[in-house]
Amino acid sequence: MHLIEEKDLNRMLDKDHFMILMNYSALSESQILLNEFMQTKASTVEKIRAMTEVKIHLHDVFDLHPQGAQHKLDLQEHIKFRDIPLDGIQFNSTTPLEVNQKQIEDDGPYDLVYVNLPWKLEQSPNTVEMVISETIKLWWWALAEGGVMIIPDYNKANIRRSTDAWVKAKNCNTEKYLNTNWDRPDLEEDHFMIALQKNGEI
């Protein structure tokens, strides 16, 4: 796995930011981990499957919450409707506070992790940055050496702060994508998405 410069992305793959995930999915040689917290969609799975046959691990609330359980059932039906075999997809029930680390380790390695961080928590707004930091820490631990973690919503201040702190602590290589101020040269660049590569540190 290697980082892809924005100028080298194949923009023909999709019209929105999932184009970046598709570009990286094409490079995967082991397994892909997708964590979207009640936002996991069959369309995302379909985009990944169009690029690679590696196993896809979906981590979401699923069986840990009644709404999550229904979401899982709906998701499975939508995936089957798109003629995508379920045997290459693993459904894992995970929240920032309920994590089966042994199972995650046993299922690895993952050379690509896509994590949709919760930039706001209406029920506990004061803990959102802690959740963001702990989620990055969890999936970084699961990521194989040389693997890449993709984080959308990087233009949200709390996600950017936590991500930048992690990048500084780990001294890892990054690529940023989709400058939201592309039409405002008078403003600083404000990217929507960032990719971090695990550089082999202990």
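Just after helix H3, Asp83 takes a positive phi of about 60°. This is a predicted model, in which local features need pLDDT of at least 70, side-chain atom pairs count only at pLDDT 80 or more, and totals for chains, interfaces and linings use all residues. Residues are numbered from 1 along each chain as its sequence is written, and side-chain values use heavy atoms, with hydrogens and water left out. Helices (H or I, at least four residues) and strands (E, at least two) are DSSP runs, numbered from the N terminus.

**Helices H3 and H6**

H3 covers residues 66-81; at 1.5 Å a residue its 16 residues should span 22 Å, and its end C-alpha atoms are 23 Å apart, which agrees. The expected span is 1.5 Å times one less than the number of residues. Gly68, His71, Lys72, Leu75, Gln76 and Ile79 are buried in H3; buried means under 20% relative accessible area, exposed over 50%, and partly exposed in between, with a 1.4 Å probe and protein chains only. Seen down the axis of H3, the buried residues fall within an arc of 135°, so they line one face of the helix. The arc is that of the directions from the helix axis to the C-beta atoms. An α-helix has 3.6 residues a turn, so residues three or four places apart point the same way. Pro66, Gln67 and Phe81, on the other side of H3, are exposed. The cover over the buried residues of H3 includes helix H2 (42-49), strand E2 (55-60) and strand E3 (89-93), where contact means heavy atoms within 4.5 Å.

For the 14 residues of H6, the span at 1.5 Å a residue should be 20 Å, and the end C-alpha atoms are 20 Å apart, which agrees. Asn158, Ile159, Ser162, Thr163, Trp166 and Val167 are the buried residues of H6. Their arc, seen down the axis of H6, is within 165°, so they line one face of the helix. H5, E5, E6 and strand E7 (191-197) are included in what covers them.

**Backbone angles**

Most residues other than glycine have a negative phi, and most peptide bonds are trans. The table lists residues with a positive phi.

| Residue | Place | Phi |
|---|---|---|
| Phe62 | loop between E2 and H3 | near 40° |
| Leu178 | strand E6 (residues 173-179) | near 60° |
| Asn171 | follows H6 | near 55° |

Phe62 is buried, with a relative accessible area of 0%, while Leu178 counts as partly exposed at 25% relative accessibility. A cis peptide bond, with omega about 5°, joins Gly108 and Pro109. Pro109 is found in the loop between helix H4 (101-107) and strand E4 (110-115).

**Ile150**

Ile150 is found in strand E5 (residues 143-151) and is buried, with a relative accessible area of 0%. Apart from residues up to four places away in sequence, Ile150 touches Leu21, Tyr24, Leu112, Val113, Tyr114, Val115, Met193, Ile194 and Ala195. Between Ile150 and Asn116 the C-alpha to C-alpha distance is 8.6 Å, and they are 34 residues apart in sequence.

**The second largest pocket**

On a 1 Å grid over the protein atoms alone, a pocket is an open set of points where a 1.4 Å probe fits, with protein on both sides within 12 Å along at least five of seven lines; lining residues have an atom within 4 Å of a point. The second largest pocket is lined by 20 residues, with Gln101, Glu134, Lys137, Leu138 and Trp141 nearest its centre. Helix H5 (128-142) and helix H6 (157-170) are the elements that give two or more residues to this lining, and H5 gives the most, with eight residues.
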